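Work through the exercises below with the structure open beside you. Try each task before reading its solution.

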Amino acid sequence: MTARRPIDVSALPTYAFGHRSTIWWGVLGAEAIEGTMLALLLASWFYVRGNFQAWPPVEPGARVLHLAAAEVLLLAASAVPTHLANVAALAGNLRALRRWLVALVVVALAFLAVRAELFRALPFHWDRDAYASVLWGFLVMNTIHAASGVVETAVLVAVALVGPFEKEHLVDAHAGGFLWYFVVFTWIPLWFLLFAAPGLLRR
């Protein structure tokens, strides 16, 4: 019986992006779980909708609608520094990565500030009725997703500024951008459904 020759893997890279990275699959799994929770809330929303003649049963008010529009614009704008940070991570450009991660944190914090004001402006609490519970459920879930993304990105900014910043952190930044895309592109259609569509249907 002949012995197998050992395989020399010393020339292979120590990190990889996208589906070749373990953290990418972890992010994909987290998105699958969170997406399932959003789908359950969405099913609840349409179920509750069928039990009311007038929709929404409680008017959120013009201020809430304006705040919701402002925050979704900020969230959409945050996709720009996210994309540029991902490009910088793929290129290994640490200087550009720092700049765009800082920009992302600033825009995301502005979004969270508007979201906090929206919570204060809502004319009803989560326990008022089924409509209020589902609406608050969407808002709370999205806020948790956004806040966790901001904390993660802020940690990466601190590591990028203070160091030591290893090449594996480029993968972390890229995976974090992938997760932030989920936050952005799930909320835009939900914003339309929760805030914009009811007003358009009344016209």
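**Exercise 1: Place Pro 189**

Pro 189 sits in helix H6 (residues 168-202). Helices here are DSSP runs (H or I, at least four residues), numbered from the N terminus. The model is predicted, and local features need pLDDT of at least 70. Residues are numbered from 1 along each chain.

Task: decide whether Pro 189 is buried, partly exposed or exposed.

Solution. Take the cut-offs: buried is under 20% relative accessible area, exposed is over 50%, and partly exposed is in between (1.4 Å probe, protein chains only). Pro 189 has 47% relative accessibility, so it counts as partly exposed. Now find Ser 148, 41 residues apart from Pro 189 along the chain. Their C-alpha atoms are separated by 21 Å.

**Exercise 2: Read H1**

Task: find which residues of H1 are buried.

Solution. Start with the span. H1 (residues 22-49) has 28 residues and reaches 41 Å from first C-alpha to last. That is close to the expected 40 Å, taken as 1.5 Å times one less than the number of residues. Then list the buried residues: Trp 24, Val 27, Glu 31, Glu 34, Leu 38, Leu 41, Trp 45 and Val 48. An α-helix has 3.6 residues a turn, so residues three or four places apart point the same way.

**Exercise 3: Compare directions**

Task: state how H3 and H4 are oriented to each other.

Solution. H3 (residues 79-91) and H4 (residues 94-121) pack at about 160°, their axes 8 Å apart. Axes are lines fitted to C-alpha atoms over the stretch in contact (heavy atoms within 4.5 Å), and angles run from 0 to 180 degrees between N-to-C directions. Over 145 degrees counts as roughly antiparallel. H3 and H4 are therefore roughly antiparallel.

Notes:
Predicted model: local features only at pLDDT ≥ 70, side-chain atom pairs only at ≥ 80, totals over all residues. Heavy atoms only, no water. Helix = DSSP H or I, 4+ residues; strand = E, 2+ residues; numbered from the N terminus. Parallel < 35°, antiparallel > 145°, perpendicular 65-115°, else oblique.
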